[in-house]
Amino acid sequence: MLSKKTGWFWKSSLIAIGFLQMVSASGCGTKQADKTISKAQERIEDRQEKKEKVTEICINLYKEATEEKRTGDLEMIRSIVSLFGENGYPAVDSRNQINMTESAQVVEFCEKVDKQKEAEITILVVDYTGGFVKYDLHTKDGKVEVSRSCYRYENGNMEKVATGSYLAEDWNYTEEGYLMFSGAWFSQELYVLTSSEAKEHTALRVQPLDETYRELSRKYLLPVGFEQNNMFLVDWNEDDFGDLDFYDVYDIFYPKVKGQPVPYTADKNLSVSAVYQIPKEEFEAVIMKYFNIDSETLQSKTVYDSKTSTYEYKPRGFEEVEYPEYPYSEVVGFTENSDGTISLTANVVFPYEGDSRVYAHEVVVRPLENGGVQYVSNRMIPSEENRRETWHTPRLTLKE
């Protein structure tokens, strides 16, 4: 008996074969019918072979990555993605940092969804923790059924560690070249813990992106991101820092400067506000490494005690917690300026909302000779299509 986890194509194919066998047995069968049955059986065997082959393709690379402790290495991920592509599979990495292989197959599938034709495709998404997700997609009448299987390299084998399926609630192939879909699927493991279904929001870049753009994103934008900060949410520049929150900036860059987490933590009782006095030299050393700002300006943007030469610092509390789903900036153009700075044009991609361009912004950076960088400005690019950010929670003001 077929289990619920069995793919849709197994059911439909077996039904088709059964029907053809009935036709043949009833006396209506011909050599043509037998030939059709044979072809249908060949298709099923071919699909089964592909399902088994997908784990065999990559196992040696995963073994190598595990032994060398490189499961999260970008170049190792690139090698795995490329190998899947060489074997005919559309494949991409989970962070969309590598051009998708066999992307034409995905475009064709999306076109068939729009035309409400029946089609199927397998897409492989390589993650940075030693495994990949295999999406088996089937479309008919404009609807898309998603079957997902998660694989991990364990004990010398690629083990299937989770499966699930759902009907895509949202499906969109965007102007920016992303395939974005979402839905809820049942997971026995998750249900035991949360008594709810697992929800998935998937964003896969289908169209290629210049590698220089990707490198600029990884070097200057992704290390800042959008978690608990407004650095790329408001307009500011070196002449007017506007509403840029330097306390959030301090939290971002302290680990990069000091090589350890920020030691000024919130009280165990989140309803109690912990308050610290950070020595002037320590606070400014972090901020001034990434911004061309003088002490007087920085003090005007913070709470500074001139008597003790300290900056007052309050860790984020319960009221300032954010929902842990964030977008990321993706460079789509840049200009090298005569003063040595670089202007980066970036789209904000938000998988959780199924939006590959919440808005666009321009970030100007100043590369330094020692390999460092100073952030010069951020400018929101006006557009009627811009959407408001939904993920950010500002720090409470002193009055609040």
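This is a guided tour of the predicted model, stop by stop, with a suggestion of what to select at each one.

**Before starting**

Residues are numbered from 1 along each chain as its sequence is written, and side-chain values use heavy atoms, with hydrogens and water left out. Because the model is predicted, local features need pLDDT of at least 70 and side-chain atom pairs count only at pLDDT 80 or more, while totals for chains, interfaces and linings use all residues.

**The whole chain**

Display the chain as a cartoon, in which there are 9 helices and 16 strands; these are DSSP runs numbered from the N terminus, helices being H or I over at least four residues and strands E over at least two. Of the 400 residues in the chain, 44% are buried, where buried means under 20% relative accessible area, exposed over 50% and partly exposed in between, with a 1.4 Å probe and protein chains only. Among contacts between residues at least 6 apart in sequence, 53% join residues at least 24 apart, a contact being heavy atoms within 4.5 Å.

**The open sheet, β1 to β5**

Select β1 to β5, which form an open sheet of 5 strands in the order β1-β2-β3-β4-β5 with mixed pairing; two strands pair if DSSP finds at least two bridges between them. At the edges stand β1 (91-93) and β5 (157-167), and each has a single partner strand, so one side of each is left without a neighbour in the sheet. From one strand to the next the twist averages 20°; axes are lines fitted to C-alpha atoms, for helices over the stretch in contact, and angles run from 0 to 180 degrees between N-to-C directions.

Now add helix α4 (residues 103-114), which packs on this sheet and touches β2 (119-126), β3 (131-140) and β4, its direction making about 135° with that of β2.

Next, colour β3 on its own: 9 of its 10 residues are buried, so that the strand is mostly covered. On one side β3 pairs with β2 in the antiparallel sense over 8 bridges, and Ile-123 has Tyr-135 in β3 as its bridge partner. The hairpin of β2 and β3 has 4 residues between the strands, and Gly-130 in the turn has a positive phi of about 95°. β3 is also joined to β4 by 10 bridges, again in an antiparallel arrangement, with Gly-131 opposite Arg-152 in β4. In the hairpin of β3 and β4 there are 2 residues between the strands, and Asp-141 takes a positive phi near 60°.

Continue to β4 (residues 143-154), which runs antiparallel to β5 and is joined to it by 10 bridges; here the bridge partner of Tyr-151 is Lys-160.

**Helix α6 and its cover**

Select helix α6 (residues 211-221) and show Arg-214, Leu-216, Ser-217, Tyr-220 and Leu-221, which are buried. Seen down the axis of α6, these buried residues fall within an arc of 160°, so they line one face of the helix; the arc is that of the directions from the helix axis to the C-beta atoms. What covers them includes β8 (198-205), β13 (328-336), β14 (342-349), β15 (360-367) and β16 (373-381). At the N-terminal end, Asp-210 caps α6, with a side-chain oxygen 2.7 Å from the backbone nitrogen of Thr-212.

**Asn-229**

Centre on Asn-229 in the loop between α6 and β9 (236-237). Is this residue buried or exposed? Asn-229 is buried, with a relative accessible area of 1%. A polar atom of its side chain lies 3.3 Å from the backbone oxygen of Gly-225, and the backbone oxygen of Glu-227 lies 3.1 Å from a polar atom of the Asn-229 side chain. Leaving aside neighbours within four places in sequence, Asn-229 is in contact with Val-224, Asp-248, Ile-252, Arg-316 and His-392.

**Helices α7 and α8**

Select α7 (residues 246-258) and α8 (residues 280-290), whose axes come within 9 Å and cross at roughly 90°. The two helices are therefore roughly perpendicular to each other, a description that applies to angles of 65 to 115 degrees, with those under 35 counted as roughly parallel, those over 145 as roughly antiparallel and the rest as oblique. Residues making the contact include Phe-246, Tyr-250 and Phe-253 of α7 and Phe-283, Val-286 and Tyr-290 of α8.

**Last stop: Gly-354**

Finally, select Gly-354 in the loop between β14 and β15, where it is partly exposed, with a relative accessible area of 32%. Add Thr-202, which is 152 residues apart from Gly-354 along the chain, with 7.8 Å separating their C-alpha atoms.

Technical notes
A polar contact is a pair of N or O atoms within 3.5 Å; within protein, one must be able to donate a hydrogen and the other to accept it, and residues adjacent in sequence count only if both atoms are side-chain atoms.
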